[in-house]
Amino acid sequence: MVRLVFVTGWMRSGTTLLGELLGACPGALTVGELTHIWRAYHREDPCSCGELVSACPLWGVVAEVVGSRHGIGAGPDAAISYDEFHQLVFGIMTIWRVPGLRRLRPDRPDQFPPDVARLVEVMRTVFEVVGKISGDARIVETSKSPAALLTFGLVPELQITPVHIVRDPRAVALSESRSRRWSGVSDRLIPRGRSAVRSSIYWSVFVPLCHLIGRGHPGYRLLRYERLAARPQPTMTTLAAALGLTPPTFLAPTIVQFTESHLIAGNPSRFGSRIREIKVDERWRTGLTRFERSAIILITAPVRLVLRLLRA
Ligand SMILES: [Zn+2]
């Protein structure tokens with residue numbers, strides 16, 4: 001049985017940071033967003049360890065096994081190319097597939113649609129190989145999306161504990177609506193943005209959806225990004241204990257020591273320093289226009305009220 005901590009939540013909510021913090025717990029390995037791994041192989045993207053994915057000591061081995069077992073690869077001998085398999089995965093990872101995926105049961109694989117059945121089999125291999133190479137580490141995954149959580153929930157021999165991180169929609173909207181460049185990081189590795197209004201509409205849909213699907217798994221945790229950013233050490237101590245992990249090493253109350261990781265996709269911060277200071281980011285207080293602030297408050301009011309009732 002491979003044990004997986006699945007970080008769910010909406011974009012720019014600190015999922016990559018939380019994945020890195022959980023991956024820094026002894027006995028855990030953070031792998032990033034595995035729904036993007038086929039595109040990473042196709043484009044020869046770098047892994048957070050510094051190697052290209054095909055040369056990475058983890059993803060290079062996964063590519064070999066997946067190629068021989070499932071015929072996915074880059075060469076002319078491959079039954080399906082990385083790019084074609086990426087398209088198949090992204091045909092599943094949409095909000096429109098969520099109702100159909102919710103009806104599927106792990107013990108009834110005969111009812112899986114063909115694309116879902118194929119992805120489930122391939123992900124079974126991926127998790128099996130990662131589990132073996134990592135010495136049965138707790139795998140931390142940050143694909144975020146409800147469709148990914150539902151699909152991974154169908155993989156045999158995989159025990160999932162979801163952690164849902166929720167960030168103030170005003171901070172999310174500011175982050176999504178203002179493009180940011182990272183020195184030394186290619187633009188294609190930076191997630192796309194959207195307007196503040198669109199961001200808050202998506203936030204209002206995805207936050208309840210992640211909660212509804214996440215709470216169907218035992219051990220589900222709901223975490224506020226603001227609490228993590230303001231008090232990282234005690235928050236991680238509590239969260240690690242709930243997950244049965246040893247907390248990561250803090251050099252000071254807000255300075256954490258990251259370990260080597262093999263993250264695919266996510267926030268470009270994954271290429272940053274191994275010693276990182278975690279800071280409260282309140283640029284949204286001055287960075288949004290009055291119209292944007294009012295629109296976000298109005299659109300997200302019902303979900304924020306529910307979160308308050310849940311004491312999240
Ligand atoms: Zn790597």
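Visitor: In which strand is T142 found?
Guide: This is a predicted model. Within it, T142 is found in strand β5.

Visitor: Is T142 buried or exposed, and what is its relative accessible area?
Guide: Residues under 20% relative accessible area count as buried. T142 falls in that class, because its relative accessible area is 1%.

Visitor: Which residues does T142 touch, not counting residues up to four places away in sequence?
Guide: T142 belongs to strand β5, and the residues listed here exclude those up to four places away in sequence. Those that T142 touches are V7, T15, G19, G32 and E33.

Visitor: What is the strand order of the open sheet with five strands?
Guide: The pairing in this sheet is parallel. Its edge strands are β2 (28-32) and β7 (221-224), each of which pairs on one side only. From one strand to the next, the twist averages 25 degrees. The order is β2-β5-β1-β6-β7.

Visitor: Which residue in β5 stands opposite F6?
Guide: Strand β1 (residues 2-8) and strand β5 (residues 138-144) run parallel and are joined by four bridges. Opposite F6 stands, in β5, E141.

Visitor: Which helix packs on the sheet, touching β1, β5, β6 and β7?
Guide: The direction of this helix makes about 170 degrees with that of β7. The helix spans residues 232-243 and is α11.

Visitor: How many bridges pair strand β9 with β10?
Guide: A second open sheet has three strands in the order β8-β9-β10, with antiparallel pairing. β8 (250-252) and β10 (275-277) stand at its edges with a single partner strand each, so one side of each is left without a neighbour in the sheet. Q257 stands opposite I275 in β10. Strand β9 (residues 255-257) pairs with β10 in the antiparallel sense, and the number of bridges is three.

Visitor: Which residues coordinate the zinc ion?
Guide: The donor residues are spaced in sequence as C-x1-C-x6-C-x205-H. The donor atoms are SG in the three cysteines and ND1 in the histidine, at 2.1 to 2.4 Å. The residues are C47, C49, C56 and H262.

Visitor: What is the arrangement of the four donor atoms around the zinc ion?
Guide: Four donors count as tetrahedral if all angles lie between 85 and 135 degrees. Here the angles are 94 to 120 degrees, and the arrangement is therefore tetrahedral.

Visitor: What is the relative accessible area of C47?
Guide: C47 contributes its SG atom to the zinc ion. This residue is buried, and its relative accessible area is 0%.

Visitor: Which residues touch the most other members of the largest nonpolar core?
Guide: This core has 55 residues. Helix α6 (residues 114-133) gives the most to it, with nine residues. Apart from it lies another core, of 25 residues, among them L17, A229, F250 and V256. In the largest core, the residues that touch the most other members are W38, W59, V126 and F127.

Visitor: With which residues is W38 in contact, leaving aside its neighbours within four places in sequence?
Guide: W38 is a member of the largest nonpolar core. Its contacts beyond those neighbours are V66, I72, Y82, F85, H86, V89, V122, M123 and V126.

Visitor: How far apart in space are L174 and P218, C-alpha to C-alpha?
Guide: L174 is found in helix α8 (residues 169-177). This leucine is buried, with a relative accessible area of 12%, and is in contact with R283, W284, G287 and L288, leaving aside its neighbours within four places in sequence. L174 and P218 are 44 residues apart in sequence, and in space their C-alpha atoms are apart by 33 Å.

Note on methods. Residues numbered from 1 in each chain as written. Predicted model: local features only at pLDDT ≥ 70, side-chain atom pairs only at ≥ 80, totals over all residues. Heavy atoms only, no water. Donors = N, O, S within 2.8 Å, 3.2 Å for Na, K, Ca; no water. Tetrahedral: all angles 85-135°; square planar, octahedral: opposite > 155°, others 65-115°. Buried < 20%, exposed > 50% of the residue type's maximum accessible area, 1.4 Å probe, protein only. Core = buried A, V, L, I, M, F, W, Y, C linked by side-chain atoms within 4.5 Å. Helix = DSSP H or I, 4+ residues; strand = E, 2+ residues; numbered from the N terminus. Contact = heavy atoms within 4.5 Å. Pairing = 2+ DSSP bridges. Axes fitted to C-alpha atoms, helices over the stretch in contact; angles between N-to-C directions.
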